[in-house]
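Reader: I would like a close look at one small part of this model. Please start there and then work outwards.

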Amino acid sequence: MPEGAGRGPAGGVAPRGILRRRPERWLFKGIYGLVLASALVAALDVPGEAANPGQDALWVLLTALTSGAAHGYAHVIAQRASGDGTAGPSRLRAVLAEWPLAVAVLPTVMMLLAAEAGWWAEETAADTALVLNTVLLFALGTSAARTAGLGRLSSCRAGALDMLIGLVIIAADALIE
């Protein structure tokens, strides 16, 4: 077995690289970011209105950064309010720990920026982002379940449930338009 690769839960191989330390946090924030990006791109892509994918990309990124900062700071406030006396991370560190949420919206932002550059229509970029985010929700949900030690079939079921969130957003987008 290569150095740094250990046995994970239920005899599986431990996560490598970016997921090695606290994979549940990364997966949680990644899933949250994908859902956020999907909901925003669905809401911002309004039929009949002039396309403005650059502005939509900015809103998706700004919302992710703001949500991450608010979530990190909420952890600081909650720890302070609990008064348990344990030393927690600095405010800045708690906010910076939310980086996976911002990273998760980058594929959506890139697709919208490609539409801004004229490589495709905003509607195509939005629809593609919704489908990609739904597939990524399945992948992250499955990965999270595998990291937790579930078997392949159970992990696929967990991924399918996460993917269902993306499908609900796609269905809502189709019904609201």
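Reader: Leaving aside its neighbours within four places in sequence, which residues is Ala-115 in contact with?

Author: Outside those four places in sequence, Ala-115 touches Pro-53, Trp-120, Ala-121, Glu-122 and Ala-125; contact means heavy atoms within 4.5 Å. Before going further, note that the model is predicted, so local features need pLDDT of at least 70 and side-chain atom pairs count only at pLDDT 80 or more, while totals for chains, interfaces and linings use all residues. Residues are numbered from 1 along each chain as its sequence is written, and side-chain values use heavy atoms, with hydrogens and water left out.

Ala-115 is placed in helix H5. Helices (H or I, at least four residues) and strands (E, at least two) are DSSP runs, numbered from the N terminus. With a relative accessible area of 10%, Ala-115 is buried, since buried means under 20% relative accessible area, exposed over 50% and partly exposed in between, with a 1.4 Å probe and protein chains only. Ala-51 lies 64 residues away from Ala-115 along the chain, yet their C-alpha atoms are separated by 9.4 Å.

Leu-112 comes next. Apart from neighbours within four places in sequence, Leu-112 is in contact with Val-41, Pro-53, Asp-56, Ala-57, Val-60, Glu-122 and Ala-125. Pro-53, Glu-122 and Ala-125 are thus contacts of Leu-112 and also of Ala-115.

Leu-112 leads to the largest nonpolar core, which has 19 residues; Val-60, Val-105 and Leu-112 have the most contacts inside it. Such a core is a set of buried Ala, Val, Leu, Ile, Met, Phe, Trp, Tyr and Cys residues joined through side-chain atoms within 4.5 Å. Helices H1, H2 (53-82), H5 (106-116) and H6 (122-147) each supply at least two of its residues. H1 gives the most, with five residues. A second core, separate from this one, has seven residues, including Trp-26, Leu-27, Leu-34 and Ala-104.

H1 also holds Phe-28 and Tyr-32, four residues apart, about one turn of the helix. An α-helix has 3.6 residues a turn, so residues three or four places apart point the same way. A search of the whole structure finds one aromatic pair. Phe-28 and Tyr-32 form that pair, which is stacked, at 6.5 Å centre to centre and 20° between the planes. Rings of Phe, Tyr and Trp (its six-membered ring) pair if their centres lie within 6.5 Å; planes under 30 degrees apart count as stacked, over 60 as edge-to-face and the rest as tilted. Phe-28, at 49% relative accessibility, is partly exposed, and Tyr-32 is partly exposed at 41%.

Lys-29 is buried, at 7% relative accessible area. Its side chain meets that of Glu-98 in a salt bridge (3.5 Å, N to O). This pair connects distant parts of the chain, 69 residues apart: Lys-29 is in helix H1 (residues 23-44), Glu-98 in the loop between helix H3 (91-96) and helix H4 (99-104). Glu-98 is buried too, at 4%. A salt bridge here is a side-chain nitrogen of Lys or Arg within 4 Å of a carboxyl oxygen of Asp or Glu, and the whole structure has one by this search.

Lastly, an unreviewed UniProt entry lists residues 26-46, 58-78, 99-120, 126-146 and 158-176 as "transmembrane region"; UniProt positions follow the numbering used here, feature names are shortened, and annotations may be inferred rather than shown by experiment. In the model, residues 126-146 are 100% helix and 0% strand, with end C-alpha atoms 30 Å apart.
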